[in-house]
Structure formats: C-alpha cells, structure tokens
Amino acid sequence: MPQPRRVCQVVKVRICHFWSLASDDFSALLLDMTIANHRYLYCITQLKPEAISEYKRVHAVVWPGVLAAIQRAHIVDYSIHHFPELNLLIANFKYIGDDYEKDMANVANDEETQRWWKLTD
C-alpha cells in the first residue's frame, strides 16, 4: 500500500512574546509551518479577563496604516479569534513573500505599527 503524501511540515514551534493585554508573562505558543510553499503562522495565548473589553474596542477598527504595513509584508488571510470559554486568542495568517525576516523587520520598523503596538501593549 502506498504511503500517504505528507502535505504539512512543522518548521518550528516556540514560545514567543505576544500581546501584553493577553497574558501576565507575555508568552504564547507560536506554530510556524509550511504547506504547499506557503508559510502559515498561528499564535495561541490567553487574554487577561480584565482586558477583554479594551482588546475588543481597540481591534474593532484597526488603523489603515497598520493594515497597509501588514499587506506590504506579504501577509494575507490575517485573523484573530477569541474563544471566550477559555479566554484564548488564536491569531493566524499566511505569509506569501520570499524574505520573512526582512518583511517582519519592515513591519516592526513601521512608525504607525509601532504606535499601534504601544496602544495594544
């Protein structure tokens, strides 16, 4: 019997820093994998119960400059889901560029994104 074709390769799983609204120690699980030449990233963290309404308020209307920086970085299908039963946030996106480290550095150096992070940290 032929072996099933492997379509998913886990590249790395690590603990990363994420939203300060999310957890006391800012830790989250980051899953980074490649499927069919696209890179998918998922981050799971707990949202602080006292920060839920603030988190929803700030993210109800994401600033256009932040969205533009994300688009310039070749990030598509970005979403964040809140699972209230466990106070979990699950963020995911697909990276379709050729130089992930460079694109993420460009996002981190974007002035409007830096202001957004100050607001959400």
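**Salt bridges and helix packing in a predicted model**

At 53% relative accessibility, Arg57 counts as exposed. In this predicted model, Arg57 is paired with Glu54 in a salt bridge, and their closest N and O atoms lie 2.9 Å apart. Glu54 is partly exposed, with a relative accessible area of 31%. Both residues belong to helix H1, which spans residues 52–59. They are three residues apart there, so about one helical turn separates them. An α-helix has 3.6 residues a turn, so residues three or four places apart point the same way.

The search of the whole structure returned three salt bridges. Another joins Arg72 to Asp110, with 3.2 Å between the closest N and O atoms. This pair links distant parts of the chain. Arg72 sits in helix H2, Asp110 in the loop between H3 and H4, and their positions lie 38 residues apart in sequence. The two partners differ in exposure: Arg72 is exposed at 52% relative accessibility, whereas Asp110 is buried at 15%.

Asp77 and Lys94 also meet in a salt bridge, with an N to O distance of 3.9 Å. Asp77 lies in strand E4 and Lys94 in strand E5, so the bridge ties together parts that are 17 residues apart in sequence. Asp77 is exposed, at 55% relative accessibility. Lys94 is buried, with a relative accessible area of 17%. The cut-off for burial is 20% relative accessible area, so Lys94 falls under it.

The overall fold provides the setting for these pairs. The protein chain holds four helices and five strands. From the N terminus on, the order of elements is β-β-β-α-α-β-β-α-α. Of the 121 residues in the protein chain, 33% are buried. Among contacts with a separation of 6 or more, 52% involve residues 24 or more positions apart.

The packing of the helices was examined next. Two packed helices are described by the angle between their axes and the distance between the axes. H2 and H4 pack at an angle of about 120°, and their axes are 8 Å apart. H2 is therefore oblique to H4. The crossing of H2 past H4 is left-handed. On the H2 side, the contact is made by Gly65, Val66 and Ala69. On the H4 side, Glu112, Thr113 and Trp116 take part.

H4 also packs against H3. The axes of H3 and H4 come within 5 Å and cross at roughly 70°. That angle makes H3 roughly perpendicular to H4. Val107, Ala108 and Asn109 of H3 meet Glu111, Thr113, Gln114 and Trp117 of H4. Thr113 thus appears in the contact with H2 and in the contact with H3.

Helix H3 covers residues 100–109, and its buried residues are Tyr100, Asp103 and Val107. Seen down the axis of H3, these residues fall within an arc of 70°, so they line one face of the helix. Glu101, Lys102 and Asn109 are exposed on the other side of H3. Asn109 is also one of the H3 residues that meet H4. The cover over the buried residues of H3 includes strand E3 (38–46), helix H2 (64–72), strand E5 and helix H4 (111–120).

Asn87 occupies the loop between strand E4 (75–83) and strand E5 (88–95). Asn87 is buried, with a relative accessible area of 15%. Leaving aside neighbours within four places in sequence, Asn87 is in contact with Thr45, Gln46, Leu47, Pro49, Ile52 and His82.

Ile44 is placed in strand E3. At 32% relative accessibility, Ile44 is partly exposed. Along the chain, 48 residues separate Ile44 from Asn92, and their C-alpha atoms are 8.9 Å apart.

Note on methods. Residues are numbered from 1 along each chain as its sequence is written. This is a predicted model: local features need pLDDT of at least 70, side-chain atom pairs count only at pLDDT 80 or more; totals for chains, interfaces and linings use all residues. Side-chain values use heavy atoms; hydrogens and water are left out. Helices (H or I, at least four residues) and strands (E, at least two) are DSSP runs, numbered from the N terminus. Buried means under 20% relative accessible area, exposed over 50%, partly exposed in between (1.4 Å probe, protein chains only). Contact means heavy atoms within 4.5 Å. The arc is that of the directions from the helix axis to the C-beta atoms. A salt bridge is a side-chain nitrogen of Lys or Arg within 4 Å of a carboxyl oxygen of Asp or Glu. Axes are lines fitted to C-alpha atoms, for helices over the stretch in contact, and angles run from 0 to 180 degrees between N-to-C directions. Angles under 35 degrees count as roughly parallel, over 145 as roughly antiparallel, 65 to 115 as roughly perpendicular and the rest as oblique. A crossing is left-handed if the near helix is turned anticlockwise from the far one by less than a right angle, and right-handed if clockwise.
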